[in-house]
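Got the viewer open? Let's take a walk through this one, stop by stop, with something to select at each.

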Amino acid sequence: MAEKTILEAVKKVLEESPKRNFSESVDLAINLKNLDMNQPKNRVDEEVILPHGLGKELKIGVFAKGDVGLRAKAAGAAYVISDVELDELAADKNRARALANECDLFIAETQFMPTIGKNLGIVLGPRGKMPIPLLPNKDIGELIQSKQNAVRLRSKDKLTFHVPVGRRDMNPDDLAENIETIVSRLERVLDKGRHNLRSVFVTTTMGKSERVV
């Protein structure tokens, strides 16, 4: 059960934001303080597994071939990109950009990583979508499933950044627990914990916002 104040903030945002004719995302706007973000050690870069997921299926692209590619497709990968298709993407940057924009994240067999870095790094890097390496002892199906419920907290060199926590049609209790999970992780990784949090607001895509921290 999430903190009462977080749950109340979520309910208020959902009740007071006008209904839209599309499925809105629920996001957090996180504002840090008393940190020099020019120092890499102060930057936040954390993967968080949300207890209730994001309320939607993520589109995951997998660079793989053979049996790993087949298992990736069976596990729900939106795209499985072979070595031949990787060469084609490298030669067609417009297609590569379209794929990068469409997919939420990528996974790649380790032997693909040097080629991806060399040929697609310029497309994937700025979007924060360089592939997660599939280590030899990891099962592609399990990795895809875990990533479906994961979000990345990435501040880069900014004191303010955003992260999705679910969809508007999710249960408010579930959204509140997702938010509490993220806030708890931030408190653990920031140098001075909650004292480095200026504020955290919850908001819908086009709705109002409410402070939770």
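Which residues of α7 are buried? Before clicking, keep in mind that this is a predicted model. Now select L175, A176, N178, I179, I182, V183, R185 and L186: these are the buried residues of α7.

**Stop 1: around α7**

Show the whole helix, residues 172–189. With 18 residues at 1.5 Å a residue, α7 should span 26 Å, and its end C-alpha atoms do sit 26 Å apart, so the two values agree. Next, bring up what covers those buried residues: the cover includes α1, β1 (25–32), β2 (45–49), β7 (150–154), β8 (160–167) and β9 (197–204). Then zoom in on the N-terminal end of α7, where N171 acts as the cap. One of its side-chain oxygens lies 2.7 Å from the backbone nitrogen of D173.

**Stop 2: the two domains**

Zoom back out and colour by domain. Domain 1 comes in two pieces, 6–44 and 155–211, while domain 2 covers 60–147. Put a marker at the C-alpha centre of each domain and you'll find 28 Å between the two.

**Stop 3: the aromatic pair**

How many aromatic pairs does a search of the whole structure find? Just one. Select F63 and F106: their ring centres are 5.7 Å apart and the planes meet at 35°, so this pair counts as tilted. The partners come from distant parts of the chain, with F63 in strand β3 (residues 60–63) and F106 in strand β5 (residues 105–109), 43 residues apart. Switch on a surface and see what happens to them. F63 is buried at a relative accessible area of 1%, and F106 is buried too, at 2%.

**Stop 4: salt bridges**

There are 15 salt bridges in the structure; here are some to look at.

Start with E8 and K4, whose closest N and O atoms are 4.0 Å apart. Both belong to helix α1 (residues 4–16) and are four residues apart, about one turn of the helix. Are they buried or exposed? E8 is partly exposed, with a relative accessible area of 44%, and K4 is exposed at 63%.

Now jump to R71 and D139, where the side chains meet in a salt bridge at 3.3 Å, N to O. This one links distant parts of the chain: R71 is in helix α2 (residues 66–74), and D139 is in the loop between β6 (132–134) and α6 (140–148), 68 residues away. Both ends are partly exposed, R71 at 35% relative accessibility and D139 at 31%.

Last of the set, pick K208 and E210, which form a salt bridge at 3.4 Å, N to O. Add K12 and E16 to the selection, and you have a network of four residues, K12, E16, K208 and E210, joined by salt bridges that share partners. K208 itself is partly exposed, with a relative accessible area of 26%.

**Stop 5: two backbone oddities**

Most residues other than glycine have a negative phi. Select N34, in the loop between β1 and β2: its phi is positive, about 55°, although N34 is not a glycine. N34 is exposed, at 65% relative accessibility.

Where is K156? Head for the loop between β7 and β8. K156 is not a glycine either, yet has a positive phi of about 50°. On the surface view K156 is partly exposed, with a relative accessible area of 44%.

Key
Residues numbered from 1 in each chain as written. Predicted model: local features only at pLDDT ≥ 70, side-chain atom pairs only at ≥ 80, totals over all residues. Heavy atoms only, no water. Helix = DSSP H or I, 4+ residues; strand = E, 2+ residues; numbered from the N terminus. Buried < 20%, exposed > 50% of the residue type's maximum accessible area, 1.4 Å probe, protein only. Expected span 1.5 Å × (residues − 1). Contact = heavy atoms within 4.5 Å. Polar contact = N/O pair within 3.5 Å; in protein donor to acceptor, adjacent residues only side chain to side chain. Domains from an automatic or database assignment. Phe/Tyr/Trp six-rings, centres within 6.5 Å; stacked < 30°, edge-to-face > 60°.
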